[in-house]
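Let's take a walk through this structure together, starting from a single residue and then stepping back to take in the whole chain.

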Amino acid sequence: MTRAEALRSMAAGVVAGAFGLSACSEPKRTEQVTIAGKDGRVSLKRNPRNGDEVSLLGFGCMRFPTVGGDRYTGRIDREPTREMLEYAYQRGVNYYDTAWMYHRGDSEGMVGEVLKQYPRDSFFLADKMPPETKTLEQAKEIFATQLQRCGVEYFDYYLCHSISRQYVFQNLYLNQGVLEYLLEEKRRGRIRQLGFSFHGDLALFEWLLAQPVEWDFVQIQMNWLDWRDETRISEKLYNLLAERELPVIVMEPIRGGSLIDLPQSVTTMLRENDPTMTAAAWALKFCASYPYVLTVLSGMSRMEHVVENCDTFTDFQPLNSEQIELLHRAAEQYRNNTRIDCTDCLYCMPCPYGVDIAAILRTYNRCFDDQLLPNPDGAHDEEYLRRRRILLNRYKNNVRPDGRAERCIGCNQCSPKCPQALHIPTELKRVEELVERVRQEWK
């Protein structure tokens, strides 16, 4: 048996145990305890490392509602954001994940502003050292500013943010001494648990886990579409963490919203199994059904998202083995399509040449999700004409004229920043060629 096969076998045994199935060959592991919430509150998961009782649903604070633009250009719409955070807290959500770069730093202040009204020991606050940090002195300044913005004296969970390149970690955290500084802050009590969020390849992940530091947890991208995808490796990452009994924080469980608007064939598969479960619930429950997952982050931007997700995690019951396998079949069906794997995180922005990368890819994907992409090589019937009109109108209305794909010169400064490892100039060219082709036919 290869190492990969052994890991997959181990993961199957762990999940089987979570579903109450037989896994007699599995070695004894630290008990993973899920605790039912009371009075309509979300279920909790006990962190076996320190006893924290963390809500299975975590509030990802990167996608707050905005006014005057998107998360990059606009500002947080404070009143609805406050209502969302307060509602989540009242429903038992106690894990809040913010970062230096979210909403250009305003996310930290917004979260701190709301949470300061509650007892400090009633919630867990996570923040991150930004990847653009260059020196130890800058790291110290950033950490002090983060504590001040959030209005707290310590962070419960703190992360080395968005590790995707070994040389970046080597230069900043090892050579500059930032890792030792964060460990010192942990010894001082200003960090309770230290981990990292990950966007790299398997070799880098194994190298990080082999460093002479006792990580307390790790945050990975994990969702049912990427689970068995060899380029996303989320199954392999989870297995390595489960081997070490490290708590897993899940990000992008709904893949930036792309697992909400599913192809009709996939939607039909899921509805036939359970017509009452939404696409979001399928995605969130998939992640939470794995025993080493401590909390599942959801970047909620509307109150209805908060309400639905809290309902999903109230009296939480994991998916059974048949439902897990159904999602694996759904993933195969989904991947037969040609959607661009963008999660709308905006890490690629801004483009030095003004290309509105996010708006271009978002417009293309929404047409894809709505099954409205025109096929210029197919029959030019009424349906094709309708789809062509919709694509061109959406492109015109959502992508500003000076930010369109034809402005891309292929400098590729964006691709190394992409957590999904997209070669963004190639994807922009794909969109540009489609739009230009159907536009020429319009004339």
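A good place to begin is Glu252, found in the loop that links strand S12 (248-251) to helix H9 (264-273). Keep in mind as you look that this is a predicted model. Is Glu252 buried or exposed? Its relative accessible area is 15%, and because the cut-off for burial is under 20%, Glu252 counts as buried.

Who are its neighbours? Leaving aside residues up to four places away in sequence, Glu252 touches Met62 and Arg63, then Gln221, Met222 and Asn223, and also Thr343.

Now let's zoom out to the fold. The protein contains 15 helices and 13 strands. Among its contacts with a separation of 6 or more, 74% join residues that are 24 or more positions apart. Burial is worth a look at this scale too: 54% of the 443 residues of the protein count as buried.

What about overall dimensions? The C-alpha trace spans about 65 × 55 × 45 Å along its principal axes. For 443 residues, a compact globule would be expected to have a radius of gyration near 22 Å, and the protein has 22 Å, so the two agree.

Finally, turn to the surface and the charges. The accessible surface of the protein amounts to about 19,400 Å², and carbon and sulfur atoms supply 47% of that. As for charged side chains, the protein carries 56 positive and 62 negative ones, with the centres of the two sets 3 Å apart.

Technical notes
Residues numbered from 1 in each chain as written. Predicted model: local features only at pLDDT ≥ 70, side-chain atom pairs only at ≥ 80, totals over all residues. Heavy atoms only, no water. Helix = DSSP H or I, 4+ residues; strand = E, 2+ residues; numbered from the N terminus. Buried < 20%, exposed > 50% of the residue type's maximum accessible area, 1.4 Å probe, protein only. Contact = heavy atoms within 4.5 Å. Rg over C-alpha atoms; globule rule 2.2 N^0.38 Å. Areas by Shrake-Rupley, 256 points an atom, 1.4 Å probe, with all protein chains shown as cover. Lys, Arg positive; Asp, Glu negative; His and termini not counted. Charge placed at Lys NZ, Arg CZ, Asp CG, Glu CD.
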